[in-house]
Amino acid sequence: MATPATSGKTFFIETFGCQMNVHDSERVSGVLHARGYAQVERMEDAGLILFNTCSIRDKAAQKVFSRLSQFKALRKQGKQFAVLGCVAQQAGEAIFAKAPHVSLVAGSASYPRLGELLDRLEAGENRVTGLAAAETSAFETEFTRRDHPWRAYITIIEGCDKHCAYCIVPYTRGFERSRDSQAILREAAQLAAAGYTEVQLLGQNVNSWRDAGPARLSFAQLLTAVAGIPGLRRVRYTTSHPRDFTSDIVTAMAGHPGLCDHVHLPVQSGSNQVLARMRRGYTREQYLEKIALIQASPRPLAITTDLIVGFPGETDADFEATVELLEQVHYSGAFIFKYSPRPHTEAGAWPDDIPDSVKTERLMILQRRQQEIQARDNQDWVGRRLEVMVESYLEKLNQWQGRASSHRIVNFTGDLRLDSSGALPVFSRPLRPGQYAWVEIERAGANSLVGRLCAAPDAAALPSIPPGTAAALPMAASSR
Ligand code: 5AD
Ligand code: SF4
């Protein structure tokens with residue numbers, strides 16, 4: 001989204017990695033906007049080019065250096081380059097040696113000082129660094145540029161204190177810093193007032209959040225309070241750590257329909273030996289107790305996970321235990337990664353003893369099993385009606401795409417349909433992204449459900465949306 005330049009200062013930002021990074025980029029953009037910078041869509045048009053980087057796996061980190069070398073010729077045109085985020089924190093000043101055209105290297109713990117770093121950059125310094133360890137407070141910005149038109153992110157906790165043996169995050173993002181519940185609720189209310197209907201609470205360990213303010217809300221109470229803000233229809237949160245996942249969270253979710261039917265609960269491995277070496281802080285049995293809590297919820301909750309294959313020392317039996325766990329839990333989605341040794345981590349010092357070919361084979365086996373499970377489980381949705389938030393129109397397929405509360409992708413046709421009397425159109429096109437619509441599921445694949453627009457199953461459930469008024473459905477704010 002380009003904004004007219006007032007001062008002639010322009011920036012381009014490219015983001016790699018997780019939602020935390022996506023949202024950090026929005027906050028960095030907010031700081032730049034407040035200083036009179038205009039955001040441009042093409043790197044060639046920018047005076048300042050920022051890469052907000054990810055170093056969770058080696059491949060992600062390498063991508064940044066290939067992007068940097070691809071565009072180094074632009075330095076001759078007087079453009080400045082900045083490397084932000086996890087690679088910045090991990091590689092530090094070594095980035096200047098590898099990519100001498102970079103002038104600013106700053107990790108996320110230094111974003112509260114971003115203004116000062118930019119002052120130095122603007123004054124012509126070309127070796128500016130923000131690499132200090134995390135400070136005590138979380139990063140609060142006066143103004144956050146929101147790039148997503150209908151889903152707004154809110155960081156509630158930064159950093160991680162868990163120190164899993166494979167993970168670089170505690171090093172790159174520092175120790176845990178939670179925000180005050182009142183600041184979070186204020187931000188959520190402002191977003192609702194601006195027209196957002198979906199918010200996602202973010203944290204590397206979102207449910208390790210502890211209220212930094214005097215209200216002393218629990219995480220479950222915070223969820224309920226956010227979901228109760230008028231105008232917000234969907235509240236999500238990610239990523240939960242199994243060790244801190246408590247039954248009151250499930251109770252809160254069951255009690256408020258605005259809390260989405262989805263828990264992302266990374267397990268990483270199904271083997272107790274591997275979990276212990278990973279220092280995850282739970283056994284398979286303890287993890288399954290948390291799953292049982294979630295699955296006992298009166299409202300069906302979708303569960304997704306992250307898995308790592310090929311962790312040092314992972315035997316065939318360990319791997320088999322992970323396959324069995326998939327069969328047991330029936331996740332609605334799983335992100336599966338090949339282990340990648342990372343600097344500054346405990347396991348990074350151990351031999352990476354599982355050959356890449358074995359990692360690949362295990363990855364493929366798990367992905368195939370998971371796809372089969374999803375394909376089978378998704379059949380249960382055929383014939384049911386789901387409320388979907390419209391996300392995009394797929395021109396080629398002549399279909400709309402949206403997401404159910406469970407985060408499942410739903411593709412649907414938006415053709416005019418008549419109600420049961422054959423007289424009135426129930427919904428007609430065009431729908432717009434950010435709107436909500438009901439879809440009757442007709443088919444299901446492993447990765448999506450497919451259906452048709454339909455009326456709400458119980459009209460009383462949606463008093464503000466009379467049938468036949470799709471065009472008047474409440475819109476999320478579409479540009480800012
Ligand atoms: N190698 C592979 N995957 C990793 N993850 C974190 N660190 C590593 C690593 N060193 C995965 C975990 C985590 C997800 C965000 O990335 O599964 O949950
Ligand atoms: Fe990394 Fe473990 Fe912290 Fe997650 S909980 S960010 S995997 S150290």
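A crossing of two helices is right-handed if the near helix is turned clockwise from the far one by less than a right angle. Keep that in mind as you go round this predicted model, beginning with a pair of helices that fits it.

**Stop 1: α8 and α9**

Select residues 219-227, helix α8, together with residues 247-255, helix α9. Their axes lie 8 Å apart, and the packing angle is about 15°. Angles under 35 degrees count as roughly parallel, and α8 and α9 are therefore roughly parallel to each other. Look along the pair and you can check the hand: α8 and α9 make a right-handed crossing.

**Stop 2: the loop before α9**

Now step back along the chain to the loop between β11 (234-238) and α9, where you will find Thr 239. What kind of peptide bond joins Thr 238 and Thr 239? The bond is cis, with omega at about 5°. It deserves a pause because most peptide bonds are trans.

**Stop 3: ligand 2**

Next, select ligand 2 and show the residues around it. Three cysteines are among them, Cys 160, Cys 164 and Cys 167, along with His 163 and His 241. Lys 162 and Arg 280 also belong to this shell, as do Tyr 166, Val 169, Pro 170, Gln 204 and Asn 205. Colour the shell by class and you get six nonpolar, four polar and two charged residues.

**Stop 4: ligand 1**

Keep Tyr 166 selected, as this residue is also listed around ligand 1. A polar backbone atom of Tyr 166 is 3.0 Å from a nitrogen atom of ligand 1. Add Arg 57, whose side chain places an N or O atom 3.0 Å from an oxygen atom of the ligand. Then add Asp 306: one of its polar side-chain atoms lies 2.6 Å from an oxygen atom of ligand 1.

How much of the accessible area that ligand 1 has on its own does the protein cover? Of 410 Å², 87% is covered. For the surrounding elements, pick β13 (302-309) and β14 (333-338), each of which gives two or more residues to the shell. Other residues to display around ligand 1 include Ile 56, Gln 268, Tyr 339, Ser 340 and Arg 342. By class, this shell holds five nonpolar, two polar and four charged residues.

**Stop 5: α11, α12 and α13**

Finish with three helices. Select α11 (residues 284-295) and α12: their axes come within 12 Å and cross at roughly 15°. That angle makes α11 roughly parallel to α12, and α11 passes α12 in a right-handed crossing.

Now turn to α12 (residues 316-329) with α13 (residues 356-378), which pack at about 15° with axes 10 Å apart. So α12 is roughly parallel to α13, and the crossing of α12 and α13 is right-handed.

Before you leave, click on His 330, in the loop between α12 and β14. What is phi of His 330? The value is near 60°, which is positive in a residue other than glycine. Most residues other than glycine have a negative phi.

Key. Residues are numbered from 1 along each chain as its sequence is written. Chains are lettered from A and ligands numbered from 1 in the order in which they are written. This is a predicted model: local features need pLDDT of at least 70, side-chain atom pairs count only at pLDDT 80 or more; totals for chains, interfaces and linings use all residues. Side-chain values use heavy atoms; hydrogens and water are left out. A residue is near a molecule or strand if one of its heavy atoms lies within 4 Å of it. A polar contact is a pair of N or O atoms within 3.5 Å; within protein, one must be able to donate a hydrogen and the other to accept it, and residues adjacent in sequence count only if both atoms are side-chain atoms. Accessible areas come from the Shrake-Rupley method with a 1.4 Å probe; for residues, only the protein chains shown count as cover. Helices (H or I, at least four residues) and strands (E, at least two) are DSSP runs, numbered from the N terminus. Ala, Val, Leu, Ile, Met, Phe, Trp, Tyr, Cys and Pro count as nonpolar, Asp, Glu, Lys and Arg as charged, and the others, Gly among them, as polar. Axes are lines fitted to C-alpha atoms, for helices over the stretch in contact, and angles run from 0 to 180 degrees between N-to-C directions. Angles under 35 degrees count as roughly parallel, over 145 as roughly antiparallel, 65 to 115 as roughly perpendicular and the rest as oblique.
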